[in-house]
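Here are some short exercises to work through with the sequence and the model side by side. Try each task yourself before you read its solution.

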Amino acid sequence: MNLNTKPSEVEVRNSDGEFYIKWSDGHESLYSLFGLRKNCPCVECRGGHGQMGSFDKSLFHVNPTQHFEVENIDQVGNHAIRIHWSDGHSSGMYQWETLRKLCPCEECMKREFFNTQ
Ligand SMILES: [Zn+2]
Ligand SMILES: [Zn+2]
């Protein structure tokens, strides 16, 4: 798997609570918006610099306890996007590499990308 892979298709499905990415290598990722919001990579959401990188992919597989929608997406360079959430939060810069690592599909759930320091 190549972590430098870029998306060829990105689709927000607010009504289904889903975020879809098709990658240039053909892999498809379907994220729950809840899991994506809860895994916001900003310093505040990650609990400070010491915690950076501690994502929890199990959040993509739980029943959402809150409803989140994507209001807007900014492209940041060619390596990341900034997501503007319906709760007003927008400090999270989601790098493509992070999103690829966060892919909650069965195959990718078996990989532990975030446990190594
Ligand atoms: Zn955040
Ligand atoms: Zn995957």
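**Exercise 1. The metal site**

Which protein atoms are the donors of the zinc ion (ligand 2)?

Before you start, know that this is a predicted model, in which local features need pLDDT of at least 70, side-chain atom pairs count only at pLDDT 80 or more, and totals for chains, interfaces and linings use all residues. Residues are numbered from 1 along each chain as its sequence is written, chains are lettered from A and ligands numbered from 1 in the order in which they are written, and side-chain values use heavy atoms, with hydrogens and water left out.

*Solution.*
- Step 1: Look for donors, meaning N, O and S atoms within 2.8 Å of the metal (3.2 Å for Na, K and Ca); water is not among the atoms, so sites may look incomplete. The search gives NE2 of His-27 and the SG atoms of Cys-103, Cys-105 and Cys-108, lying 2.1 to 2.3 Å from the zinc ion.
- Step 2: Check the angles. The four donor atoms subtend 103 to 114° around the zinc ion, which makes the arrangement tetrahedral (four donors with all angles between 85 and 135 degrees).
- Step 3: Read the spacing along the chain, which is H-x75-C-x1-C-x2-C. His-27, in the loop between β2 (18–23) and β3 (28–32), and Cys-103, in the loop between α3 and α4 (106–109), link distant parts of the chain, 76 residues apart. Helices (H or I, at least four residues) and strands (E, at least two) are DSSP runs, numbered from the N terminus.
- Step 4: Is His-27 buried or exposed? Buried means under 20% relative accessible area, exposed over 50%, partly exposed in between (1.4 Å probe, protein chains only). With 14%, His-27 is buried, and Cys-103 is buried at 0%.

**Exercise 2. Charged partners**

Find the partners of Arg-13 and Lys-101 in salt bridges (a side-chain nitrogen of Lys or Arg within 4 Å of a carboxyl oxygen of Asp or Glu).

*Solution.*
- Step 1: The whole structure holds five salt bridges. One of them joins Glu-97 to Lys-101, with the closest N and O atoms 3.2 Å apart.
- Step 2: Why are these two about one helical turn apart? Because Glu-97 and Lys-101 are four residues apart in helix α3 (residues 96–102). Glu-97 is partly exposed at 31%, whereas Lys-101 is buried at 18%.
- Step 3: Shared partners join Glu-11, Arg-13 and Glu-18 into one network. Here the closest N and O atoms are 2.9 Å apart for Glu-11 with Arg-13 and 3.6 Å apart for Glu-18 with Arg-13.

**Exercise 3. Rings around Phe-68**

Describe the ring pairs that involve Phe-34, Phe-68 and Trp-85, using the rule that rings of Phe, Tyr and Trp (its six-membered ring) pair if their centres lie within 6.5 Å, with planes under 30 degrees apart stacked, over 60 edge-to-face and the rest tilted.

*Solution.*
- Step 1: Five aromatic pairs turn up in the whole structure. Among them, Phe-34 and Phe-68 are stacked, 6.2 Å centre to centre with 25° between the planes.
- Step 2: Phe-34 lies in helix α1 (residues 33–38) and Phe-68 in the loop between α2 (43–46) and β4 (70–76), so the pair ties together parts 34 residues apart in sequence. Phe-34 is buried at 6% and Phe-68 at 5%.
- Step 3: Phe-68 and Trp-85 are edge-to-face, at 6.3 Å and 70°. Trp-85, in strand β5 (residues 80–85), is 17 residues from Phe-68.

Definitions and conventions: Four donors count as tetrahedral if all angles lie between 85 and 135 degrees; four count as square planar and six as octahedral if opposite donors are over 155 degrees apart and all others between 65 and 115; anything else is irregular.
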